[in-house]
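Hi,

Here's the structure I said I'd pass on to you. Have a look at it first, and then read my notes below.

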Amino acid sequence: MSWRYLCEAAEVAENSLKLVDAEGVRIVVANYGGGFRAIPPICPHMEEPLEESGVIANCVLTCTKHLWAWDLRSLDLMGEAEKPLKTYEVKQEGGRLLALVEEELTYDFEEDTGDDDDFFN
């Protein structure tokens, strides 16, 4: 367990996401205007890269692929979301953002059985 450097706070514009490598762990830094969150780089729904499909507005992170959303202040589920967003603890020292990484945070995804292609056969 250690605090790992993410990036400079000034590198993450308000209402934006930045993908970083924190000593071998890929983390997305979210600046929601009222603070920062450090989250796994993929949506917990269907493994969509959040740095590509994530949008922040009014402190809410929305994955535009399937409209799952979370309030970044409270981490409440919003919209279509059915799973919570995992987060790393974040602190700011000077202008530097650090995350407490005990282990890489991941999500469990349902196995694709391949039956979708045979649905109409």
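Let's start with a cut-off: a disulfide is a pair of cysteine sulfur atoms within 2.5 Å. Keep in mind too that this is a predicted model.

So how many disulfides does a search of the whole structure find? The count is zero. Take Cys43: its closest cysteine sulfur belongs to Cys63 and lies 3.9 Å away, which is too far for a bond. Looking from the other end, Cys63 is in no disulfide either, and its nearest cysteine sulfur is that of Cys43.

Are these two cysteines buried or exposed? Cys43 is buried, at a relative accessible area of 2%. Cys63 counts as buried as well, with 3% relative accessibility.

Now for the strands around Cys63. Strand 6 covers residues 60-63 and pairs with strand 5 (residues 54-57) in the antiparallel sense, over four bridges. One pair you can look up there is Val55, whose bridge partner in strand 6 is Thr62. The hairpin these strands make has two residues between them, and Asn58 takes a positive phi near 55 degrees in that hairpin.

Strand 6 also pairs with strand 7 (residues 68-71), again antiparallel and over four bridges. This is where Cys63 comes back: it stands opposite Trp68 in strand 7. Between strand 6 and strand 7 there are four residues, and in this hairpin Leu67 is the one to check, with a positive phi near 65 degrees.

Have fun clicking through it!

Definitions and conventions
Residues are numbered from 1 along each chain as its sequence is written. This is a predicted model: local features need pLDDT of at least 70, side-chain atom pairs count only at pLDDT 80 or more; totals for chains, interfaces and linings use all residues. Side-chain values use heavy atoms; hydrogens and water are left out. Buried means under 20% relative accessible area, exposed over 50%, partly exposed in between (1.4 Å probe, protein chains only). Two strands pair if DSSP finds at least two bridges between them.
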